[in-house]
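Notebook, helix packing. I wanted to see how some helices cross and what sits at their contacts.

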Amino acid sequence: MNRNIFANFDRNKNAETLTDVMDKVTILWVDDEIDLLKPHLLFLKEKGYDVITASNGHDALELIKNNSLDIVFLDENMPGMSGLETLSQIKNIKADVPVVMITKSEEESIMEQAIGSKIADYLIKPVNPNQILLSLKKTLENKRLISEKATSDYQHEFRNISMNLSDRLNWKEWKEVYRKLVYWELELEKATDQSMYEILTSQKSEANLLFSKYIENNYLKWLKASDDTIPTMSHQLMKKKVLPVVDASPDPVFFVLIDNLRYDQWRILQPVIGEFFRLQDDDLYMSILPTATQYARNAIFAGLMPSEIESRFPKLWLNDEEEGGKNKHEGEFFADLLKRLRKEYKHSYTKITNYTDGKNMVDDIHNMMQNKLNVIVYNFVDMLSHARTEMEMIRELADDEAAYRSLTLSWFEHSPLFEALKKISEQKVKLIITTDHGTIRVKEPSKIIGDKTVNTNLRYKQGRNLNYEKKEVFEVKNPADAMLPRQHLSQTFVFAKQDKFFAYPNNYNYYVTYYKNTLQHGGISLEEMMIPFAVLSSK
């Protein structure tokens, strides 16, 4: 990527000056001793603000009704209608106008009433001009200042990330790069300048290209290695990361797997969960290939790779082309894993696929508290990503990544899962939150040809006589090398890289138009393979 990418941005960006912003601002200052504040009023006018004044609450309300105002400075202690009473009336008339309360009193009760009435700021008399100016900037220019700071900081970080990507990164270094990319994605989506977000998107694309090469060069080696420097993968998650927490905890442990939860989605859920739980470990682990539920999630609960599951449970494992549910036996796989590892925990396994199941789980929390380990699999995010493909309304609601994250957060805050977590937090517990794989928004089609037995997933294909662009896929000619079941002698697995999706030549244009910009999983990308694992404790 061109490291001078910011040159034109710096030259051409629209730098609205502070005076330009302030020329648009009208202040109403309400104080029964307004004549004593003339030095402050003159100072603000010299800075480019328009200031109108009132000496009592009644006059202030009339001015608010009849003028377009940007902010109100309001004295708390006025004769007649008090500042708090005036504040209440202002919010009834124009709720969106920010109000800065100014008072001589430092009484906690007055502060609480003012803050409870959603004031923008709270100043204690005597105030000096710089305090007023700072309050104005904080209240009116907060978004712009944050946006400019984020833009400036990312320009610096962009170069550091680019330099890191030019190195031969190991797993730990890839984790740090991905954390940084997600951090800046969440920061820059708040920025007013979308060109910076586009630069980040380009850098993420470059990172995914290099990450795909990293996976191609290392994935099959990892499956044969036991070195501590390699990633923890799906089939190792229980043994390496979950059960040690259970063994060490004197309190009940709740293991919550939210299907198809990306790291960026976890980052926006974390502050909400953090109101009730204290974060102790925030890590990333790696999904196996294919990054699809029937492979990755079964591997988690069996503690085995798919070919090993098929060998150990020939009557329970179903391959892609076989009919029936592919994740119906996770509870049995998990019980078998505990038995193999000689873990005699009293445990429960609960899978939630609809709202009623979720409410029933909430009601059963008190019984779960009697268990050493409780496993909860929650399927909503996976269903949301599929609905994003199939339902026009959801397509519109989750039109981009920021909207998709927002939709995820909105669901979570109103879900039985959040209700259950709040109930769990009332007791002394450990909470583990993770997922089985992530998802990526696909953009570029990759042509593939296969017979009618080829699976339907858009991010990986397996079957006989596949014809594809080799440079666009990670090719596994021998499924045993990737510890995947072999159904035919000539069977091949291919995995789409970056943001590509497989498309058949038949009805190609329709197919591409329908699936472009949808959320898919099964292939190789940072979003699908590098997924969250968090350990928390109740506060």
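I started with H9 and H12 in this predicted model. I found their axes within 10 Å, crossing at roughly 60°. Angles from 35 to 65 degrees fall outside the parallel and perpendicular classes, so I logged H9 and H12 as oblique to each other. The crossing of H9 past H12 is right-handed.

Next I looked up who touches whom. From H9 (residues 171-188), I listed Tyr178, Arg179, Val182 and Leu186. They meet Tyr263, Asp264, Arg267 and Ile268 in H12. I sorted the residues of this contact by class: five are nonpolar, three are charged and none is polar.

Then I turned to H20 (residues 401-413). Its axis and that of H12 (residues 263-273) come within 9 Å. I noted a crossing angle of roughly 35°. The handedness of the H12 and H20 crossing is right-handed.

On the H12 side of this contact I wrote down Asp264, Gln265, Ile268, Leu269, Val272 and Ile273. On the H20 side I have Tyr404, Arg405, Thr408, Leu409, Phe412 and Glu413. The split for H12 with H20 is seven nonpolar, two polar and three charged.

Asp264 and Ile268 turn up in my H9 list and again in my H20 list.

Last check: how many residues of H12 are buried? I got nine of 11, so I entered H12 as mostly covered, with buried meaning under 20% relative accessible area. Among the buried ones are Asp264 and Ile268. Tyr263, Trp266 and Gln270 are also on that list.

Notes
Residues numbered from 1 in each chain as written. Predicted model: local features only at pLDDT ≥ 70, side-chain atom pairs only at ≥ 80, totals over all residues. Heavy atoms only, no water. Axes fitted to C-alpha atoms, helices over the stretch in contact; angles between N-to-C directions. Helix = DSSP H or I, 4+ residues; strand = E, 2+ residues; numbered from the N terminus. Left-handed = near helix turned anticlockwise from the far one by under 90°. Contact = heavy atoms within 4.5 Å. Nonpolar A, V, L, I, M, F, W, Y, C, P; charged D, E, K, R; others polar. Parallel < 35°, antiparallel > 145°, perpendicular 65-115°, else oblique. Buried < 20%, exposed > 50% of the residue type's maximum accessible area, 1.4 Å probe, protein only.
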